[in-house]
Amino acid sequence: MTHPTYHNLIGGQWLRAASGKTILNLNPADHSDVIGAFPSSQAEDVALAVAAAKKAFVAWRLVPAPKRAEMLLHAREILIQNKEKYARDMTREMGKVLVETRGDVQEAIDEALYVSGEGRRLFGVTTPSELPNKFAMSVRMPVGVVGLITPWNFPMAIPSWKLFPALVAGNTCVIKPATDTPLSTYNLIQALVDAGLPPGVVNIVSGTGSATGSALVEHPDVRAISFTGSSAVGSLVAQRAAATFKQVSLEMGGKNAQIVLDDANLDLALDGALWGAFGTTGQRCTATSRILLQKGIAAEFTAKFVARAKKLKVGDGLDESIEVGPQVNAAQIETSNLYVDIAKREGAQLLCGGHPLTGGAYARGTFFEPTVFAGVTPQMQIAREEVFGPVVVLIEFSSFEEAVEIANSIDYGLSTSLYTRNVNRAFAAMRDLEAGITYINAPTIGAEVHLPFGGVKHTGNGHREGLGALDFFTTWKAVYVDYSDKLQRAQIDNAE
């Protein structure tokens, strides 16, 4: 059976990779379903894309920001019209269930609406000068050519988090989509092209991280890199970008804790834990991978949670009745297997799951059972390292203060959650949990586009998606206008 062949978008033209090589995009629920062949780009292709972006920047930076924003609004309408098609494409290439991929497309729709408003709010600051007859202000300027490296788990939402604010700020972009899920990013770019974005303003080069991603990070004409992926790769990105003095935004891993106190609404906490742990098959940086249970409710919560986890229906996400889709590829299955073995060796108690699903309806895909471990201590490897699969651990604690200490004891700091009816505990958690996001009586997943998204410690380097993205994609320029008609020397002529 034939399958479509896709090309890189460079300077408004769809071009094959210079090598002629391609990478097949396979459905993780059915490897016989080939979504398409995508370019395996190398440094030569990246150089062409960066040159096109650099050329386009000359004119794009001069387009008024409100006009740039209008193109995002037009793209938003195109996304709305194609939402169901794009969601089905995403489920085929990524695996997560349709209700989630519809949400992924919706997030790009919401991001377009939110960021388009920023076209009229690229505010600077005016301030009094210390000298007479002198005006002082600051304005935002675009960075230039920016490189965007995006992950496979949210293949339209996360590219929109990066692309839209970068564009409205006046930058031009070269984006490398995830090797496993390029089509969803292509669909997003096509919406921008159809909305009238000028050639070269956005360029897409697909390929591997080692070849395509590295070339983008190291290219001297790329002035900034926005990366979402693992902490290990993010560290390499930062080191390589430093050689050419690029600014870098890193959004990386997590080992997120949901804390359930004795006074919590237990049914609500169960709903949140199930969704947080097994939504997107656990393949979220914000996934609930640790559930911290106060001892008074631990036994009841554990029994109910395991019973519900066992009933989750795993399968092809295109089936509306499915609750948990496949893992994205065989490497992720191997990782889940690895951590199950580690947990067993550490003495954790396997309560359910723990194995790949094979044979029958699962024979042609990469599926893994929803997996729950109890008897886990905070020092265990399974309690400290990111699995990025449907594997969750249960840890018991005595006091609220102990729970906070356990939650903070890891290298990551992305998302945290607390279930309680005690407002004092809630506010203490908001203050004391070391994370970029804290939810009260809600799971660790569910970020909204207009709030800052990112984390601390090994999760990020201080920048944020959402609120705060424009701070990364713009630089400040101070402007002084002296209308005194004489030389005035700051800090000298006004000294007492």
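**Exercise 1.** Does Thr181 count as buried or exposed? Work from the predicted model.

*Solution.*
Step 1. Locate the residue: Thr181 lies in the loop that links β8 (172–176) to α6 (182–194).
Step 2. Take the relative accessibility of Thr181, which is 0%.
Step 3. Apply the cut-off: buried means under 20% relative accessible area. Thr181 therefore counts as buried.
Step 4. List the contacts, leaving out residues up to four places away in sequence: Thr181 touches Glu93, Met94, Pro151, Trp152 and Pro155.

**Exercise 2.** Classify the packing of helix α12 (residues 400–408) and helix α13 (residues 423–432).

*Solution.*
Step 1. Choose the descriptors: two packed helices are described by the angle between their axes and the distance between the axes.
Step 2. Read both: the axes of α12 and α13 come within 11 Å and cross at roughly 25°.
Step 3. Angles under 35 degrees count as roughly parallel, so α12 is roughly parallel to α13.
Step 4. Add the handedness: the crossing of α12 and α13 is right-handed.
Step 5. Name the residues in contact: α12 contributes Phe400, Glu401, Val404 and Asn408, and α13 contributes Arg425, Ala428, Ala429 and Asp432. By class, the residues of this contact are four nonpolar, one polar and three charged.

**Exercise 3.** Describe the surroundings of Glu251, a residue covered by the UniProt annotation "active site" (unreviewed entry).

*Solution.*
Step 1. Place Glu251 in strand β11 (residues 247–251).
Step 2. With 3% relative accessibility, Glu251 counts as buried.
Step 3. Leaving out residues up to four places away in sequence, Glu251 touches Phe227, Thr228, Gly229, Cys285, Leu414, Phe453, Gly454, Thr459 and Glu465.

Methods
Residues are numbered from 1 along each chain as its sequence is written. This is a predicted model: local features need pLDDT of at least 70, side-chain atom pairs count only at pLDDT 80 or more; totals for chains, interfaces and linings use all residues. Side-chain values use heavy atoms; hydrogens and water are left out. Helices (H or I, at least four residues) and strands (E, at least two) are DSSP runs, numbered from the N terminus. Buried means under 20% relative accessible area, exposed over 50%, partly exposed in between (1.4 Å probe, protein chains only). Contact means heavy atoms within 4.5 Å. Axes are lines fitted to C-alpha atoms, for helices over the stretch in contact, and angles run from 0 to 180 degrees between N-to-C directions. Angles under 35 degrees count as roughly parallel, over 145 as roughly antiparallel, 65 to 115 as roughly perpendicular and the rest as oblique. A crossing is left-handed if the near helix is turned anticlockwise from the far one by less than a right angle, and right-handed if clockwise. Ala, Val, Leu, Ile, Met, Phe, Trp, Tyr, Cys and Pro count as nonpolar, Asp, Glu, Lys and Arg as charged, and the others, Gly among them, as polar.
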